[in-house]
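Subject: Structure for your review

Dear colleague,

Please find below the structure that I am handing over to you. My findings follow directly after it, and I would be grateful if you could read them alongside the coordinates.

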Amino acid sequence: MLDDRTDRAVELTNRGTNRPAAIALAEEVLRSSAAAADIRRCVLTLIHAGVHAEAENPVLAARVTALTARPAQALPHLHTAPAWHAEALIDLGRHDEALDVLLSHDETADLLFARGRLNQAQGHHDRACADFLAAGRAAEAAGITNPAVLPWCSAAALSAHDAGRPVVARSLAETELVAARRWGAPHAVGRALHAAALTGDPAHAVDRLTTAVRLLSKATADLLPARHSLAQALATQGRHTEAAETCATTHVIAQHLDHPLWIQNTRQLGERLDRLRRLTPQESRAAALACAMSNREVATELGVTTRTVELHLSQVYRKLHVQGRRELNRVILRLGVTPP
């Protein structure tokens, strides 16, 4: 039977309310002769609260280290080993194996969330969004509304955004940001800011992502995608040198963490950014205008002949390794080319 203080700390954490009280209760239990079940839940409470008390309490530090050294056991209150296993396989790109794990277990909130991540990784954005929303309903039915425990709202926001549902995406992202700020854990706020940056006003994206990266500095699972998004946002503003530097640093971090997915993602982004930097100012401007205009309209805007525009775009296609306007639009929308 759990200590009453543990029960209360878990309840506060799952609901995402009164973080200071949850931390105080968890630390009190961990300083006592608590049972193993109490220790695990209280350490998880501190993890979700973003607390690291190594210098203050060596005993607590040892318990945190012992738990977090075993990822399958260092899961949120809601998570189970199968869900962690499935998400780890998704991160490694082993999608068929992840699907086998998901199909062999009941549809609990954490497994629905993992299934959403699998659909997201495979580009099935509508299905991913539906899975994340289902995970949210299951979590709320269990009394869990804290995005530090299960960030279903921001995950659904990103999938809705990719599925072309911007209003839904923005609403979901802002909802999680409010809840994350109410709880106050840095990693939860950083993760919510990341989603809000990608689904909200592009003018605020770099500022929000810069803050998200700072808040996620100790949360490696979320730091890499946030830094990747920051590099993209910088490129969208035409800040290609800063974007390339951010991407290069992120690639080094991914290599240090031996994370295959983000090693690949940052390498590909770095290559695209390098190609963008090869465009001349005239080519960059022509490429940006070509996303919304015909060649004749671009020529009128630039005050040149249609033939000159065609020559500029031919160079753009060659340098960016794209086959035509459709692929060019995809690159421009993803990375941006801001006219000088």
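Phe-132 has a relative accessible area of 0% and is therefore buried. Please bear in mind that this value, like every other in this message, was computed from a predicted model.

I begin with Phe-132 because it belongs to an aromatic pair, and the structure holds one such pair. Its partner is Phe-113; the two rings are tilted, with 5.1 Å from centre to centre and 55 degrees between the planes. The pair links distant parts of the chain, since Phe-113 sits in helix 7 and Phe-132 in helix 8, 19 residues apart. Phe-113 also counts as buried, because its relative accessibility is 6%, under the cut-off of 20%.

Phe-113 appears again in the largest nonpolar core. This core has 48 residues, of which Phe-113 and Leu-150 touch the most other members. At least two residues each are supplied by helix 1 (4-15), helix 2 (19-30), helix 3 (36-49), helix 7 (109-121), helix 8 (125-141), helix 9 (152-162), helix 10 (166-183) and helix 11 (186-199). Helix 9 provides the largest share, namely seven residues. Another core lies apart from this one; it comprises 35 residues, including Val-213, Ala-286, Val-309 and Leu-313.

Regarding the protein as a whole, the secondary structure consists of 19 helices and zero strands. The protein has 340 residues, and buried residues account for 49% of them. If one takes the contacts between residues at least 6 apart in sequence, 58% join residues that are at least 24 apart. The accessible surface amounts to about 16300 Å², and carbon and sulfur atoms contribute 53% of it.

Helix 13 merits a separate paragraph. It covers residues 220-236, 17 in number, and reaches 25 Å from its first C-alpha to its last, which is close to the 24 Å expected at 1.5 Å a residue. Of these 17 residues, 13 are buried, so helix 13 is largely enclosed by the rest of the structure. Just after helix 13 comes Gly-238, which adopts a positive phi of about 80 degrees.

Positive phi values also occur in residues other than glycine. One of them is Asn-18, with a phi near 50 degrees. Asn-18 is placed in the loop between helix 1 and helix 2, and it is partly exposed because its relative accessible area is 44%. His-321 is another residue other than glycine with a positive phi, here near 60 degrees. The loop that holds His-321 runs between helix 18 (306-320) and helix 19 (325-335).

Finally, I would draw your attention to Ala-141, which lies in helix 8. Is Ala-141 buried or exposed? With a relative accessible area of 72%, over the cut-off of 50%, Ala-141 is exposed. Its C-alpha is 9.5 Å from that of Ala-109, although the two residues are 32 apart in sequence. Helix 8 thus holds both this exposed alanine and the buried Phe-132 of the aromatic pair.

Yours sincerely,
A colleague

Methods. Residues are numbered from 1 along each chain as its sequence is written. This is a predicted model: local features need pLDDT of at least 70, side-chain atom pairs count only at pLDDT 80 or more; totals for chains, interfaces and linings use all residues. Side-chain values use heavy atoms; hydrogens and water are left out. A nonpolar core is a set of buried Ala, Val, Leu, Ile, Met, Phe, Trp, Tyr and Cys residues joined through side-chain atoms within 4.5 Å. Buried means under 20% relative accessible area, exposed over 50%, partly exposed in between (1.4 Å probe, protein chains only). Helices (H or I, at least four residues) and strands (E, at least two) are DSSP runs, numbered from the N terminus. Contact means heavy atoms within 4.5 Å. Accessible areas come from the Shrake-Rupley method with a 1.4 Å probe; for residues, only the protein chains shown count as cover. Rings of Phe, Tyr and Trp (its six-membered ring) pair if their centres lie within 6.5 Å; planes under 30 degrees apart count as stacked, over 60 as edge-to-face and the rest as tilted. The expected span of a helix is 1.5 Å times one less than its number of residues.
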